[in-house]
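Colleague: I would like to go through the empty space and the packing in this model. Please give the reasoning behind each label.

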Amino acid sequence: MKVFISSTWVDLQRHRRAVIATIEKLRHQGFDVQWLGMEAFGAADQSPSDTCQGFVDQADLFLGILGVRYGPIDPRTNMSMTEAEYRRACERHIPRLMFLIDEDNARVRPAQVEKSPVALAKLEKLKSDA
């Protein structure tokens, strides 16, 4: 089973590491599971958006983590990479596990919190849809 991990980077690095460590632990216990995510993308001839879409297409399960940032908006799609990945998983009918950060107990620095009103509105809609 291939699990695609989707989230913003700035605010959720610690969470991503925890998910990856758990998947690696399962793999070492004999489970046929591997993770796909931005940490493994490397250099590519295609755009970051196309690279992400390709990795989502390979996944058997989409694991999304939504925090306090929407992320940079791709001018081609008018969506963040995280939202574009989520929408692709929906289009492809890939099973999705979505985790929303508890904003009251989130341990993030103020600089990590989304400030753009447009991006905040997009983040709230994405959370509502997810």
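**Space and packing**

Modeller: The largest cavity has a volume of about 40 Å³. Keep in mind that the model is predicted.

Colleague: What makes it a cavity, and how many did the search find?

Modeller: A 1.4 Å probe fits there but cannot get out, so the space counts as a cavity. The search of the whole structure finds 1 cavity of 30 Å³ or more.

Colleague: Which elements give two or more residues to the lining of the largest cavity?

Modeller: β3 (61-66) and α4 (117-129) do. The lining includes Ile-65, Leu-66, Leu-123 and Leu-126. By class, it has 6 nonpolar, 5 polar and 1 charged residues. Gly-67 is part of that lining, and Gly counts as polar.

Colleague: What is the volume of the largest pocket, and which residues are closest to its centre?

Modeller: The volume is about 270 Å³. Of 17 lining residues, Thr-8, Gly-71, Pro-72, Met-81 and Thr-82 are closest to the centre. α3 gives the most to this lining, with 3 residues. The lining divides into 9 nonpolar, 5 polar and 3 charged residues.

Colleague: How does the lining of the second largest pocket divide by class?

Modeller: Into 12 nonpolar, 2 polar and no charged. This pocket has a volume of about 210 Å³. Val-19, Thr-22, Ile-23, Leu-63 and Phe-99 are the closest to its centre among 14 lining residues. α1 supplies the largest share, 6 residues.

Colleague: How do you know that α2 and α3 are in contact?

Modeller: Contact means heavy atoms within 4.5 Å, so residues that meet satisfy that limit. On the α2 side these include Cys-52 and Val-56; on the α3 side, Ala-84 and Arg-88 are among them. The contact has 6 nonpolar, 2 polar and 3 charged residues. The two axes come within 9 Å and cross at roughly 35°.

Colleague: Is that crossing left-handed or right-handed?

Modeller: Right-handed. The near helix is therefore turned clockwise from the far one.

Colleague: Why do β1 and β2 count as paired?

Modeller: Pairing needs at least two bridges, and 3 join β1 (residues 2-6) to β2, so the two strands pair. One bridge sets Lys-2 against Gln-34 in β2.

Colleague: What makes β2 and β6 edge strands?

Modeller: Each pairs on one side only. The open sheet has the order β2-β1-β3-β6, with parallel pairing. Its neighbouring strands are turned by 25° against each other on average, direction ignored. α2 lies across β1, β2 and β3, at about 145° to β1.

Methods
Residues numbered from 1 in each chain as written. Predicted model: local features only at pLDDT ≥ 70, side-chain atom pairs only at ≥ 80, totals over all residues. Heavy atoms only, no water. 1 Å grid on protein atoms, 1.4 Å probe; cavity = no way out; pocket = protein on both sides within 12 Å on 5 of 7 lines; lining within 4 Å. Points joined across faces, edges and corners; volume = space filled by probe spheres on them. Helix = DSSP H or I, 4+ residues; strand = E, 2+ residues; numbered from the N terminus. Axes fitted to C-alpha atoms, helices over the stretch in contact; angles between N-to-C directions.
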